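This report looks at a sheet, a helix and its surroundings, and two unusual backbone angles. Please keep the sequence and the structure in view while reading.

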Amino acid sequence: MNARLDPRSAADAARSPATDLLDVVVVGAGISGIGAAWHLATQSPGTRFLVLESKDTFGGTWVTHRYPGIRSDSDLYTFGYRFKPWMGTPIATAAEILKYMGEVIEDAGLGERIRYRHAIERASWSSADRCWTLDVHRLDTGERLQIATRFLWMCQGYYRHQGGYTPQWPGMDTFGGRIVHPQDWPEDFDTTGQRVVVIGSGATAATLVPALAGRCAHVTMLQRSPTWFVTGRNANVLADTLRELDLPPEWIHEIVRRKILFDQKTLHARAFSDPDGLGADLLANVRAHVGDAVDVDRHFTPRYKPWRQRIAFIPDADLFKAIRDRQASVITDEIERFTETGLLLKSGETLEADVIVTATGFELSVLGDIPFEVDGRPLEFSATVGWRGAMFTGVPNLVWVFGYFRASWTLRVDLLGDFVCRLLAHMRERGAEVVTPALRPEEADMPLRPWVDPENFSPGYLARGGDRLPRTGDRGPWRHSQDYAFDKDDLPAADLDDGSLKYT
Ligand SMILES: Cc1cc2nc3c(=O)[nH]c(=O)nc-3n(C[C@H](O)[C@H](O)[C@H](O)COP(=O)(O)OP(=O)(O)OC[C@H]3O[C@@H](n4cnc5c(N)ncnc54)[C@H](O)[C@@H]3O)c2cc1C
């Protein structure tokens, strides 16, 4: 691949991106994009690449979301990268995650590769030129420029950063208080002494409610239906023991990752083999924490089986403590309409509020909502079939990092980091400049399925926008397992010459 490129050094190319053909452009400087950059710099030295990011800093999700209490819901041993030991508590704040990512950038000298305030507004593939041309809007100068790259590594996440999903309820405009979506939390927003209602009961609501409790007059979590929760200390006993033994941080990181993944696999297996038993255990745990402060059958017993949606982890049971201490309460009901002073519920009950927080989720974004073209024809990703959920039929030289729902997103970042570097090396060996997934003749009539089986996993943003996602097949490389345990063996062993990838 390098042979056809301008022979100047990667650092030179990084300084003047507008004129040269790059080997790779990484889109987004969130945890996926920084991971991708680390893998390229470390495993594929000499690759000339840039990371383009529309924000003015790195972090993605962890800078967009600034609501009180913002934290991970996965442990950082697995949400952190494989290559950088995590030294803090398992559940981390956004600030801690950003510090960790900053250290990765610093340690690997990735800073000079990242172009901030560079928003990609169009991506066009030319088979004649064998490259992608990106229309880029420089948000700092207003300039519009084009960047050409052989390969696109899409790390732009899965939801719109511009704003979250807020359903429209009657009477919203009559409400005299303030309506806030957590994704747009105003800076210095003071809820002291206010009556706050948080609509929703997912991970965001479960983080916000204990963070607001005690500060505001009272916080009510209003949910249409309950969510599964699991609690635990925000500590990892194994990690603490290994640290006492003075083992190197790299060992501790790897051992603890393996243990966490093993435990998750066991829990996952039980969710399918014994959903009722698992559900009963989860509910017993909730009861132990809330005592008689709340009716657990009514407010904490979901209608769906555990694991159909991510089980939200509550560190140190803080949500339940806030409920037990009567600083927070939970109501299971539906909104009839907003009133001037709060909410009228379908049960007829009214809920007075000064602030209503709509923790109602995200808007799905398929490949950053960037208009894509291949040889002048608009590309509909929903008309493509995923190759191991990472590449797409008829779409040359493009990989998308779409992480795990049930395990940490970042596990897939490292797996795809290895994969892309292997693919690039394979192409160099073959003298190929273009790789495009294509169904083989025997797969032409293969039944196609949705990107994610709604029977298996069904968060709201997928229910609302899932039909815009690529399809998957029922066999071979066309399956999208969404299962780290499967992918960790499958991706490294993927046969790059089995005919499902066409090279030119
Ligand atoms: C509040 C919250 C908590 C979460 N907690 C966890 C968790 O604990 N564990 C877990 O596994 N997952 C969690 N997730 C899911 C989480 O989004 C991912 O795990 C992960 O952070 C996604 O990283 P990413 O880099 O792929 O995407 P993002 O973090 O979404 O970053 C994408 C970046 O791409 C940039 N970008 C997008 N489009 C363009 C464009 N056209 N041009 C230039 N730049 C562009 C964006 O500005 C952004 O910086 C959480 C999500 C949220 C919202």
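In what order do the five strands of the open sheet lie, and is their pairing parallel or antiparallel? In this predicted model, the strands follow the order 7-16-8-9-12, and their pairing is parallel. Strand 7 (178-180) and strand 12 (328-332) form the edges, each of them pairing on one side only. Averaged over the sheet and with direction ignored, neighbouring strands are turned by 20° against each other. At one edge, strand 7 is joined to strand 16 (residues 355-358) by three bridges, the two strands running parallel, and valine 180 stands opposite valine 357 of strand 16.

Helix 2 covers residues 31-43, and its 13 residues reach 18 Å from the first C-alpha to the last, which is close to the 18 Å expected at 1.5 Å a residue. This helix is mostly covered, with ten of its 13 residues buried; among them are Ile31, Ile34, Trp38, His39 and Leu40. The buried residues of helix 2 pack against strand 1 (21-27), strand 2 (49-52) and strand 6 (144-154), and also against helix 5 (94-107) and helix 12 (409-430).

The packing against helix 12 can be described further. The axes of helix 2 and helix 12 come within 9 Å and cross at roughly 35°, and the crossing is right-handed. From helix 2, the contact takes in Ile31, Ser32, Gly35, Ala36, His39, Leu40 and Gln43, which meet Thr410, Val413, Asp414, Gly417, Val420 and Cys421 of helix 12. The residues of this contact divide into six nonpolar, six polar and one charged. As general background, an α-helix has 3.6 residues a turn, so residues three or four places apart point the same way.

Two residues stand out by their backbone angles. Most residues other than glycine have a negative phi, whereas alanine 317 has a positive phi of about 50° and aspartate 375 has a positive phi near 50°. The table gives the loop in which each residue lies.

| Residue | Phi | Loop between |
|---|---|---|
| Alanine 317 | about 50° | strand 11 (312-315) and helix 11 (318-324) |
| Aspartate 375 | near 50° | strand 17 (372-374) and strand 18 (377-378) |

Which of these residues is buried and which is exposed? Alanine 317 is buried because 21 other C-beta atoms lie within 10 Å, the cut-off for a buried residue being 20 or more. Aspartate 375, by contrast, is exposed because it has 11 other C-beta atoms within 10 Å, where 12 or fewer count as exposed.

Conventions: Residues are numbered from 1 along each chain as its sequence is written. This is a predicted model: local features need pLDDT of at least 70, side-chain atom pairs count only at pLDDT 80 or more; totals for chains, interfaces and linings use all residues. Helices (H or I, at least four residues) and strands (E, at least two) are DSSP runs, numbered from the N terminus. The expected span of a helix is 1.5 Å times one less than its number of residues. Two residues are in contact if their C-beta atoms, placed from the backbone, lie within 7 Å. Two strands pair if DSSP finds at least two bridges between them. Axes are lines fitted to C-alpha atoms, for helices over the stretch in contact, and angles run from 0 to 180 degrees between N-to-C directions. A crossing is left-handed if the near helix is turned anticlockwise from the far one by less than a right angle, and right-handed if clockwise. Ala, Val, Leu, Ile, Met, Phe, Trp, Tyr, Cys and Pro count as nonpolar, Asp, Glu, Lys and Arg as charged, and the others, Gly among them, as polar.
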